Amino acid sequence: MDVGGYRIVSLLGESSMGRVHLARSASGRPVAVKTVHARLAADPGFRERFRREAAAARAVTGRYSAAVLDAGPDAAEPWVAIEFCAGPGLPEAVGTYGPLGDAELGALGAALAEALAGVHAAGVLHRAVKPSNVVVTRDGPKLLGFGVAERAAAGSLAAAGRPPGSPGFLAPELLTGDARPGPAADVFALGAVLAVAATGRGPFGSGRAPEVLSRTLYEEPDLLGVPGDAWPWFLGRCLARDPAGRPSVAEALAWCAGRAATPPWWETEPIAGLIRLQEDEMTELSAWDTEGGEAPGDEVVDLGLLGAFGAVPRERPAAPAAVPTDPRSPW
């Protein structure tokens with residue numbers, strides 16, 4: 001089976017939006033291909049938003065951003081091809097490694113801030129920075145979340161008065177409409193992701209979405225357990241309700257980079273071993289196709305990337321013991 005010239009190797013997972021497959025380009029490069037359900041594509045407005053979001057995402061470059069390689073907005077089932085990032089999602093990585101300390105947070109924050117700098121340089125906002133949109137690879141964290149289909153669908157939510165995005169990572173101005181959203185909204189989400197990586201919980205708690213959104217608007221972030229004295233101060237700035245009170249992306253990058261240790265934590269065990277394991281699984285899947293064997297087809301194969309690509313396995317595997325398993329968890 002081919003989609004837009006990409007040979008499908010295996011089904012990774014699916015969501016209400018569509019399906020995510022491991023595929024190979026004509027040159028043999030592994031990619032993730034996401035197809036959108038035809039029922040969504042029947043809406044002309046969705047297709048137009050999909051086209052715009054795909055074009056914006058393809059303009060984003062950078063070492064720590066997963067590249068959007070290609071898209072087919074006019075196909076019967078619109079699709080997008082994304083650089084395949086072999087490695088665990090950030091929740092699994094932190095669940096295996098443990099809560100991040102000063103130097104580890106610095107390395108993660110610097111990588112994500114550099115990714116955001118590339119996003120903003122392309123003239124767009126990310127608006128979906130959250131732990132499940134980060135994959136930890138041998139080359140460092142990769143920021144996904146140019147979930148083109150999800151961002152296209154978000155236009156319908158916004159038109160209906162419902163804030164698109166994940167509670168706990170949405171900046172107050174995205175909820176109130178008091179100010180035109182800018183790069184500061186992504187800095188807010190960056191601060192929330194780093195707080196979760198340091199403590200295992202969201203800075204605005206858990207529970208029903210309206211409760212989390214209300215705390216985001218009216219309460220101070222819970223930063224208990226964030227290491228040291230400097231990090232609570234910095235994350236408090238990132239999570240300021242007033243966008244003008246937050247650091248710029250360049251300031252966040254410089255601040256985090258000044259605390260990052262070498263080698264970074266993803267190059268050490270046990271994370272390096274977890275990355276190798278998922279690389280080996282991806283290589284094995286690709287080999288079935290290369291060698292002319294029978295690929296798994298519609299059997300779901302979990303490589304730990306499903307949340308980052310906006311999909312879930314049909315039978316969700318058990319989470320590592322150290323990762324929160326409450327469905328309301330910020331992960």
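The exercises below concern strand E2 and its surroundings in a predicted model of a protein chain.

**Exercise 1.** Determine how many residues of strand E2 are buried, and state what follows for its placement.

*Solution.* Strand E2 spans residues 6–14. The criterion for a buried residue is a relative accessible area under 20%. Eight of the nine residues in E2 are buried, so the strand is largely enclosed by the rest of the structure. For the protein chain as a whole, 51% of the 331 residues count as buried.

**Exercise 2.** Describe how strands E1 and E2 are paired and connected.

*Solution.* Begin with the pairing: E1, residues 2–3, runs antiparallel to E2, with two bridges between them. Next, identify a bridge: Val 3 has Tyr 6 in E2 as its partner. Finally, examine the connection: the two strands form a hairpin with two residues between them. In this turn, Gly 4 has a positive phi of about 60°.

**Exercise 3.** Establish which sense of pairing, parallel or antiparallel, relates E2 to E3, and characterise the link between these strands.

*Solution.* Strand E3 covers residues 18–24, and its pairing with E2 is antiparallel over six bridges. Within this pairing, Leu 11 stands opposite His 21 of E3. The link leaves three residues between E2 and E3, which form a hairpin.

**Exercise 4.** Place these strands in the context of the protein chain by giving its secondary-structure content and its share of long-range contacts.

*Solution.* First, count the elements: the chain has eleven helices and eight strands. Then take the contacts between residues at least 6 apart in sequence; 65% of them join residues at least 24 apart. Lastly, the accessible surface comes to about 14,100 Å², and carbon and sulfur atoms account for 52% of this area.

Conventions: Residues are numbered from 1 along each chain as its sequence is written. This is a predicted model: local features need pLDDT of at least 70, side-chain atom pairs count only at pLDDT 80 or more; totals for chains, interfaces and linings use all residues. Side-chain values use heavy atoms; hydrogens and water are left out. Buried means under 20% relative accessible area, exposed over 50%, partly exposed in between (1.4 Å probe, protein chains only). Helices (H or I, at least four residues) and strands (E, at least two) are DSSP runs, numbered from the N terminus. Two strands pair if DSSP finds at least two bridges between them. Contact means heavy atoms within 4.5 Å. Accessible areas come from the Shrake-Rupley method with a 1.4 Å probe; for residues, only the protein chains shown count as cover.
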